[in-house]
Amino acid sequence: MKLEICIDSLESFDNAVAGGADRVEICSALFADGLSPDLGLVSYACNNEKIEKFVMLRPRDGDFTYDEKEVEQVKEAVKAYKKYPIDGFVFGAIKGDGHLDLNLLREIVELAKPYPLVLHRAFDYSKDGDQVIDQLIDMGIIRILTSGKKSTALEGIDLISLIQEEYGDKIEIMAGSGVDACNIREIYEKTKISNFHMSAKVKKESNITYKSDLEIPSKGKYVTSFDKVKEARKVLDQIGG
């Protein structure tokens with residue numbers, strides 16, 4: 001049973017490790033659902049050899065339809081991150097018509113080698129993700145993060161179960177969005193998947209006391225909760241035990 005935590009700071013990484021995560025998805029800006037991380041965080045995480053480390057490739061927030069310059073940026077990021085002892089990359093792209101951009105995915109799979117590629121929830125936002133899984137497998141993608149094309153994994157549990165039953169012996173299916181210790185058992189019992197993705201985040205109050213005449217734009221600071229990770233780990237160990 002694998003527990004993956006998406007993190008965007010050193011503190012969150014340390015809490016994920018201490019709480020018992022098996023793998024981290026290293027990002028920045030989780031308030032925007034995760035963008036490519038800075039090299040300082042990647043470097044720090046790579047000091048720990050015991051936990052799997054997958055790096056997000058996402059040059060900006062918003063949709064997953066990228067122009068030529070954005071694709072070039074993603075490719076340059078791959079080259080930079082490959083200098084570190086990570087375990088793989090996370091990426092997704094959709095064409096303007098809503099179909100997964102299989103050609104671009106294939107390009108990034110090849111560029112990322114020898115590191116493997118995971119398809120993130122662009123799968124859910126696409127028109128045809130669940131219809132092209134065989135092609136994703138053939139190009140070498142090793143895992144799909146999905147909420148079953150719904151807002152949360154619980155809402156999309158029927159599709160997750162269907163995908164797992166049909167493809168689970170060929171590619172890893174990982175449930176994400178709204179996953180926590182309270183619903184992991186239910187998701188497992190209804191789908192039999194063994195990969196779970198969560199942020200386990202809690203809001204952290206700023207320690208700044210100075211008040212500027214100008215308001216600092218902020219969506220708040222969030223950090224991975226050691227307790228939430230530990231609770232999820234406990235549930236997974238009970239299921240797997």
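Q: What makes the contact between arginine 143 and glutamate 172 a salt bridge?
A: A salt bridge requires a side-chain nitrogen of Lys or Arg within 4 Å of a carboxyl oxygen of Asp or Glu. The side chains of arginine 143 and glutamate 172 meet at 2.7 Å, N to O, so the pair satisfies this definition. The model is predicted: local features need pLDDT of at least 70, side-chain atom pairs count only at pLDDT 80 or more, and totals for chains, interfaces and linings use all residues. Residues are numbered from 1 along each chain as its sequence is written, and side-chain values use heavy atoms, with hydrogens and water left out.

Q: Why is the pair said to tie together separate parts of the sequence?
A: Arginine 143 belongs to strand 6 (residues 143–146) and glutamate 172 to strand 7 (residues 172–176), so the linked parts are 29 residues apart in sequence. Strands (E, at least two residues) are DSSP runs, numbered from the N terminus.

Q: Why is arginine 143 called buried?
A: Buried means under 20% relative accessible area, exposed over 50%, and partly exposed in between (1.4 Å probe, protein chains only). Arginine 143 has 2% relative accessibility, and therefore counts as buried.

Q: Why is glutamate 172 placed in its accessibility class?
A: Its relative accessible area is 34%, so glutamate 172 is partly exposed.

Q: How do you know that lysine 2 and glutamate 52 form a salt bridge?
A: Their side chains meet at 2.7 Å, N to O. This pair links lysine 2 in strand 1 (residues 2–7) with glutamate 52 in strand 3 (residues 52–56), 50 residues apart.

Q: Why is lysine 2 called partly exposed?
A: Lysine 2 has a relative accessible area of 29%, and is therefore partly exposed.

Notes: Helix = DSSP H or I, 4+ residues; strand = E, 2+ residues; numbered from the N terminus.
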